[in-house]
Amino acid sequence: MWSSLNDWLWNERLWLPANISWAQLEDHDGLVFPHPQDTLMAVPLALALVVVRFTFERFVALPLSRWLGVRNQIRRPADPNATLEKHYLMKGREPTESQMNLLATQCGLTLRQTQCWFRRRRNQDRPCLTKKFCESSWKFVFYLCCFVCGTMVLYHESWLWTPVKCWENYPHQPLKPGLYHWYLLELSFYISLLMTLPFDTKRKDFKEQVIHHFVTIILISFSYSLNLLPWNEALPFLGPAPPTSISLCCPPQASKLFNYMHWRRMCDTLFIIFSLVFFYTRLVLFPTRILYTTFFESIGNFSPFFGYYFLNILLVILQLLHVFWSWLILCMIYSFIKKGQMEKDVRSDVEELDSSDGEAAEECPQMKNGAAQRPGAAPTDGPRSRAAGRMVNRHTPAT
């Protein structure tokens, strides 16, 4: 049964052009070709990357965050309440108004106290600032190292600068030294991202990230198995020069790091650079160079086959994700222009203010002189506190 399934899965008529067989891609005359089973090595390497990541975050990024002055916001924990906790875990983090009233009645609390409990409980589940700093630090360091290594391995390849050359003599393109290890590292990194998603900061585009990682893993494995190495390696660099890769990977992570450190000017500058490069590479170069060469130039020497359609479907999914993230970036740019600085990532789950702050503002209305006063309590600042019992008009109250 397994043999039949394997034969059906790797049917030559599905994955290879006409008149091309797997036998032609076997190693011969000292030439080494990619083999699908090679991709299995990415799994243990991904596990190793996970270990390296958590070690880096614990012993490098965390002390660095403290040294740079990154501090977590003080949160008031929600009081233990079995009824509210059950609703929070089973039915939702944000009850409707009718549900909130019912819960308040069941617990003997006021509506405001119940709302306060849910706000504090939601804040407990949100990642702290140091956790975000550690995640961004790891990604920044890894992307930077990948860029340096990738440039050293791929810079001299002609197809990196001219994507149409990826299809010259396809699929009889032997595996060059160093390319296999770079490919394996790239694949293992995306597998490690999937492994650590449950532990990472949950953002509003969580589902899109999962889709992106799955599509990328399939795309890398697929292109390796079909000996599409030149094409897949040209894909991350997207066009005229490899520096576009670092412009897409490192600046957003560096911008987040500066944002966590409250270095606003550096954060804003890197965000602008990233936005411009992202729009140019993902909305201009990707469709005009990558999609064009895979849709049209790839079938110059052979007729379309199933692998051709499968490859382009994956690329179209990536392009749709690029459009989605471009919209999010535009929303951030609008906020940037409106407010004059980057305040937050629109993908982030923003921390809610503790209800006690809002309650204090409502229960302690401001006096005309700007001093806040609690009902039935003497003010703590302003003319009254300084006059030690004298009234504002300099008269002493009658006794």
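**Exercise 1.** How many salt bridges does the count come to in this predicted model?

*Solution.* The count comes to five salt bridges. One of them joins the side chains of Arg53 and Glu57, with 2.7 Å from N to O. Another links Arg121 with Asp125, whose closest N and O atoms are 2.9 Å apart. A further pair is Glu135 and Lys131, with 3.4 Å between the closest N and O atoms.

**Exercise 2.** Determine how the partners Glu135 and Lys131 are placed in their helix, and classify each by accessibility.

*Solution.* Begin with the helix: both residues lie in H7 (residues 129–154), four residues apart, which is about one turn. Residues three or four places apart in an α-helix point the same way, because there are 3.6 residues a turn. Next, take the accessibilities. Buried requires under 20% relative accessible area, and exposed over 50%. Glu135, at 6%, is therefore buried, while Lys131, at 31%, is partly exposed. Finally, a network should be noted elsewhere: salt bridges with shared partners join Arg53, Glu57 and Asp200.

**Exercise 3.** Apply the same reading to Arg53 and Glu57, then to Arg121 and Asp125.

*Solution.* Arg53 and Glu57 are four residues apart in helix H3 (residues 42–67), so about one helical turn separates them. Arg53 is buried at 3% relative accessibility, and Glu57 is buried at 12%. Arg121 and Asp125 are likewise four residues apart, in helix H6 (residues 111–125). Arg121 has 10% relative accessibility and counts as buried, whereas Asp125 has 44% and counts as partly exposed.

**Exercise 4.** Is helix H8 largely enclosed or open?

*Solution.* First, consider its extent: H8 (residues 179–196) has 18 residues and reaches 26 Å from its first C-alpha to its last, close to the 26 Å expected. Then consider burial: 13 of the 18 residues are buried, so H8 is largely enclosed by the rest of the structure.

**Exercise 5.** Which residues form the nonpolar patch on the surface, and which helix gives its largest share?

*Solution.* The patch consists of Tyr280, Leu283, Val284 and Val323, with about 330 Å² of accessible area together. Helix H12 (residues 264–295) gives the largest share, three residues. Tyr280 is in H12 and, at 44% relative accessibility, is partly exposed.

**Exercise 6.** Describe what is unusual in the backbone at His262.

*Solution.* Most residues other than glycine have a negative phi. His262 has a positive phi, near 65°. His262 lies in the loop between helix H11 (243–260) and H12, and its 53% relative accessibility makes it exposed.

Key. Residues are numbered from 1 along each chain as its sequence is written. This is a predicted model: local features need pLDDT of at least 70, side-chain atom pairs count only at pLDDT 80 or more; totals for chains, interfaces and linings use all residues. Side-chain values use heavy atoms; hydrogens and water are left out. Patches are made of residues with over 30% relative accessible area and no salt bridge: like charges are joined within 9 Å, nonpolar side chains (Val, Leu, Ile, Met, Phe, Trp, Tyr) within 5 Å. Accessible areas come from the Shrake-Rupley method with a 1.4 Å probe; for residues, only the protein chains shown count as cover. A salt bridge is a side-chain nitrogen of Lys or Arg within 4 Å of a carboxyl oxygen of Asp or Glu. Helices (H or I, at least four residues) and strands (E, at least two) are DSSP runs, numbered from the N terminus. Buried means under 20% relative accessible area, exposed over 50%, partly exposed in between (1.4 Å probe, protein chains only). The expected span of a helix is 1.5 Å times one less than its number of residues.
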